[in-house]
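Work through the exercises below with the structure open. Each task is followed by a solution in steps.

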Amino acid sequence: MILGIECTAHTFGIGIVHRGKILANVKDMYKTEKGGIVPIKSAEHHREVAERLYIEALRKSEINEKDIEAIALSNAPGLAPCLLEGLRFAREKARKLGIKIIPVNHCIAHLEIGQSIGAKDPILLYVSGANTQIIAFAGEKYRVFGETLDIGVGNFLDKFARHIGCGFPGGPFIEELARHAKEENMIYIELPYVVKGMDVSFSGLLTKLQQLFDSGIDAGQLSYSLQETAFAMLVEAAERAIAHTGKKELVLGGGVACNKRLQEMCKIMCFERKAKFFCPAKELLTDNGAMIAYTGEIMLNAGISVNFDKLDIKPRERTDEVEVRWK
Ligand code: ATP
Ligand code: FE2
């Protein structure tokens, strides 16, 4: 049994995995009514909920804590105060149980869990809060083929949502507004569309949307136009990666992958290219402990683990810096 802890940003989650099977996946998310994440507050949140979630995960999986073989911790990348809180908790448990810790890169966990449903050699479209990357595995690393040149698509959605008075996370609010607008047959508003090769950019689009909202245009109409534009950019970049590499599978991962319209657009593109489309269940897309435990188990099987007193956080570690020795 591997116990996984997710702590990198807004979510504290505990997952328990045994031979690739998820036995428990519980989490609690730091949310705000207005405004974005305050790192220290999010870390305080993690401290408050950690023990309760730990007990809940053990109960759900019907195991005793003595059955835990190792603890997988998302020690990178993320907000330092949140990572430190996770580290403190993981160390405390590992010391008490006399077991090792597996340091898991959070982004890699999003990618590994994305491939848990059958993809073999995919292009990965990783779309989350801080990250937007088009990735493929080659030569022991997840190589970044294309990425955002400024902000991640999730942060872009969250920023626009904040601007129009919604709380965090903003993605689900925008999805809802867009769905209503479409039902009401609102007209698509032309917006800046920026794709450079396999890279994308969202900051110009954000500024334009904020200006349009301030000039009195309906938030629903803007949300609808935003999704059609931003997601078309992502799908175009992913399609280029598929065409370029000749790969036949697309895996969608990260929190923004929850969005039904994005899923639909990816599906259509894959259908047209005769590629297979994969998207994991919603509870595995946004940050969660199960994806950390799942990845941790694969890594442990490849002999990767450290003593609890040797572990440190790496707030800025990039996806393509990690040596992937388990594939
Ligand atoms: P990263 O993985 O890059 O470190 P993160 O961990 O903050 O970022 P996730 O939990 O993977 O991100 O995803 C959170 C993001 O997903 C938020 O920006 C949120 O607005 C977005 N999101 C969640 N649900 C939806 C949805 N239905 N539509 C669009 N975006 C969504
Ligand atoms: Fe994430």
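**Exercise 1. The shell of ligand 1**

Task: In this predicted model, find which residues come nearest to ligand 1, then describe the shell by class and by helix.

Solution.
- Step 1. Start with the count. There are 24 residues around ligand 1. Tyr-126, Ser-128, Asp-158, Glu-175 and Asp-287 come nearest.
- Step 2. Sort by class. The shell holds 13 polar residues, eight nonpolar ones and three charged ones.
- Step 3. Map the shell onto helices. H3, helix H4 (153–163) and helix H5 (171–183) each contribute at least two residues.

**Exercise 2. Polar pairs and burial of ligand 1**

Task: Which backbone and side-chain atoms lie 3.1 Å from ligand 1, and how much of ligand 1 does the protein bury?

Solution.
- Step 1. Take the oxygen side. A polar backbone atom of Ala-130 sits 3.1 Å from an oxygen atom of ligand 1. For Gly-154, again with a polar backbone atom and a ligand oxygen, the distance is 3.3 Å.
- Step 2. Take the nitrogen side. Here the partner is a polar side-chain atom of Asn-259, 3.1 Å from a nitrogen atom of ligand 1.
- Step 3. Turn to area. Ligand 1 alone exposes 650 Å², and the protein buries 93% of that.

**Exercise 3. The iron site**

Task: Which residues coordinate the iron ion (ligand 2), and what is the geometry of its site?

Solution.
- Step 1. List the protein donors. They are NE2 of His-106, NE2 of His-110 and OD of Asp-287, at 2.1 to 2.2 Å.
- Step 2. Check the angles. The site has six donor atoms, with angles of 77 to 175° among them. Six donors count as octahedral if opposite donors are over 155 degrees apart and all others between 65 and 115. The site of the iron ion is octahedral. For reference, the ideal angles for six octahedral donors are 90 or 180 degrees.
- Step 3. Read the spacing in sequence. The donor residues follow H-x3-H-x176-D.
- Step 4. Explain the histidine pair. His-106 and His-110 are four residues apart in helix H3 (residues 106–114), so about one helical turn separates them. Both histidines are buried.
- Step 5. Link the two ligands. Asp-287 coordinates the iron ion, and Asp-287 is also among the residues that come nearest to ligand 1.

**Exercise 4. Backbone exceptions**

Task: Locate a cis peptide bond and two positive phi values outside glycine.

Solution.
- Step 1. Recall the background. Most residues other than glycine have a negative phi, and most peptide bonds are trans.
- Step 2. Find the cis bond. It runs from Phe-168 to Pro-169, with omega near 0°. Pro-169 belongs to the loop between H4 and H5.
- Step 3. Find one positive phi. Glu-62 has phi near 55°. Its place is the loop between helix H1 (39–61) and strand S4 (70–76). Glu-62 counts as exposed because its relative accessibility is 72%.
- Step 4. Find another. Phi of Lys-274 is about 55°. Lys-274 is in the loop between helix H8 (260–273) and strand S12 (276–278). With a relative accessible area of 71%, Lys-274 is exposed.

**Exercise 5. Three loop residues**

Task: Are Lys-247 and Val-256 buried or exposed, and how does Gly-197 class?

Solution.
- Step 1. Apply the cut-offs: under 20% is buried, over 50% exposed, in between partly exposed.
- Step 2. Place Lys-247 in the loop between helix H7 (219–245) and strand S11 (249–253). Its relative accessibility is 15%, so Lys-247 counts as buried. Its side chain makes a polar contact with the side chain of Asp-121, at 2.9 Å.
- Step 3. Place Val-256 in the loop between S11 and H8. At 9%, Val-256 is therefore buried. Its C-alpha lies 7.0 Å from that of Gly-171, 85 residues apart along the chain.
- Step 4. Place Gly-197 in the loop between strand S9 (195–196) and strand S10 (199–200). A relative accessible area of 42% makes Gly-197 partly exposed. The C-alpha atoms of Gly-197 and Glu-147 are separated by 9.8 Å, with their positions 50 residues apart along the chain.

Key:
Residues are numbered from 1 along each chain as its sequence is written. Chains are lettered from A and ligands numbered from 1 in the order in which they are written. This is a predicted model: local features need pLDDT of at least 70, side-chain atom pairs count only at pLDDT 80 or more; totals for chains, interfaces and linings use all residues. Side-chain values use heavy atoms; hydrogens and water are left out. Donors are N, O and S atoms within 2.8 Å of the metal (3.2 Å for Na, K and Ca); water is not among the atoms, so sites may look incomplete. Four donors count as tetrahedral if all angles lie between 85 and 135 degrees; four count as square planar and six as octahedral if opposite donors are over 155 degrees apart and all others between 65 and 115; anything else is irregular. Buried means under 20% relative accessible area, exposed over 50%, partly exposed in between (1.4 Å probe, protein chains only). A residue is near a molecule or strand if one of its heavy atoms lies within 4 Å of it. A polar contact is a pair of N or O atoms within 3.5 Å; within protein, one must be able to donate a hydrogen and the other to accept it, and residues adjacent in sequence count only if both atoms are side-chain atoms. Accessible areas come from the Shrake-Rupley method with a 1.4 Å probe; for residues, only the protein chains shown count as cover. Ala, Val, Leu, Ile, Met, Phe, Trp, Tyr, Cys and Pro count as nonpolar, Asp, Glu, Lys and Arg as charged, and the others, Gly among them, as polar.
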